[in-house]
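Trainee: Please take a close look with me at the ligand and at the residues around it. I should also like to see how the residues that take part there compare with some elsewhere in the chain.

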Amino acid sequence: MRSWVVYSSQTGNTKKLAEAVYAALPAEKELYPVDAAPDAAKYDFVAVGFWLKAGKPDEKAAAYLEKLSGTKVFLFATHGAASDSEHVKNAIKYAEDLAKNAKVVGRFSCQGEIAPQVMEKIRAKPQPPPWIVEAPPAEGHPDENDIKRVRRVVADVLEKEG
Ligand SMILES: Cc1cc2nc3c(=O)[nH]c(=O)nc-3n(C[C@H](O)[C@H](O)[C@H](O)COP(=O)(O)O)c2cc1C
């Protein structure tokens, strides 16, 4: 199986997950930041990582997801909102819709620490987005446990997908 990990990451959280996903994959694998990722058409398995921006996958990852066709896709993401929130569920669903020409075989997301200056800016908005109240526990994430969890989820998906 030839596999590929492509990620978008502004402050490093999603990159951490991407490296863990990459480590969990068997040989014949490549890891790319989305800006440097060539066309994924020839690959059997592509893991795509994004961060949540305004309730959706960030634009770069979104554009990449839309281009996928025929391949198996594993989605992973980081976000400030709580993992079990509707906000996050909707965003993952949105990502799945973007990847409609591919086959989504698994997904994982966890909180990702928000840079202090970003937090300040968002809080200072006249109407801060509701998810921001869930963001303080994101501090320190992805942590070791998140890394272990994503590796396990990838291993389970690989076992199932052969
Ligand atoms: C401009 C901006 C918008 C964001 N919007 C959301 C959002 O709608 N929902 C959310 O849960 N987190 C949001 N976040 C938080 C990031 O998704 C989170 O910190 C993520 O882990 C960043 O990933 P990165 O370090 O890979 O860039 C936003 C962050 C920024 C900078």
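Mentor: What follows begins at the ligand, goes on to the residues that meet it, and ends in other parts of the chain. The model is predicted, so local features need pLDDT of at least 70 and side-chain atom pairs count only at pLDDT 80 or more, whereas totals for chains, interfaces and linings use all residues. Residues are numbered from 1 along each chain as its sequence is written, and side-chain values use heavy atoms, with hydrogens and water left out.

The shell around the ligand holds 21 residues, of which Ser9, Gln10, Thr11, Thr14 and Thr78 come nearest; a residue counts as near if one of its heavy atoms lies within 4 Å of the molecule. Several elements contribute to this shell: helix 1 (13–24), strand 3 (45–53) and strand 5 (72–79) each supply at least two residues. The largest share, three residues, comes from strand 3. Helices here are DSSP runs of H or I with at least four residues, and strands are runs of E with at least two, numbered from the N terminus.

Three residues bring an N or O atom to an oxygen atom of the ligand. Thr78 does so with its side chain, at 2.7 Å. Ala81 uses a backbone N or O atom, at 2.9 Å. Ala54 likewise uses a backbone N or O atom, at 3.0 Å. Taken together, the protein covers 89% of the 650 Å² of accessible area that the ligand has on its own (Shrake-Rupley method, 1.4 Å probe; for residues, only the protein chains shown count as cover).

Which residue does the side chain of Thr78 meet within the protein? It makes a polar contact of 2.9 Å with the side chain of Thr14. A polar contact is a pair of N or O atoms within 3.5 Å; within protein, one must be able to donate a hydrogen and the other to accept it, and residues adjacent in sequence count only if both atoms are side-chain atoms. Thr78 thus has a place in three parts of the description: it is found in strand 5, its side chain reaches an oxygen atom of the ligand, and its side chain also meets that of Thr14. Because its relative accessibility is 3%, Thr78 counts as buried (buried is under 20% relative accessible area, exposed over 50%, partly exposed in between, with a 1.4 Å probe and protein chains only).

Ala54 presents the opposite case, since its relative accessible area is 74% and it is therefore exposed. Ala54 sits in the loop between strand 3 and strand 4 (56–57). Its phi is positive, about 50°, although Ala54 is not a glycine. Most residues other than glycine have a negative phi, and most peptide bonds are trans. Glu28 is another residue with this feature, its phi being near 65°. Glu28 belongs to the loop between helix 1 and strand 2 (29–33), and at 54% relative accessibility it counts as exposed. A peptide bond that departs from the trans form joins His141 and Pro142: it is cis, with omega about -5°. Pro142 lies in the loop between helix 4 (116–123) and helix 5 (144–161).

Consider next Ser8, in the loop between strand 1 (3–7) and helix 1. Ser8 is buried, its relative accessible area being 5%. The side chain of Ser8 makes a polar contact of 2.7 Å with the side chain of Asp58.

Other buried residues show how positions in sequence relate to positions in space. Tyr43, in the loop between strand 2 and strand 3, has a relative accessible area of 11% and is buried. Tyr43 is 41 residues from Arg2 in sequence, yet the two are 5.6 Å apart in space, C-alpha to C-alpha. Met119 belongs to helix 4 and counts as buried at 13% relative accessibility. From Met119 to Ile132 there are 13 residues in sequence and 8.1 Å in space, C-alpha to C-alpha. Ala61 lies in helix 2 (residues 59–67) and, at 1% relative accessibility, counts as buried. Ala61 and Phe74 are also 13 residues apart in sequence, with 13 Å between them, C-alpha to C-alpha.
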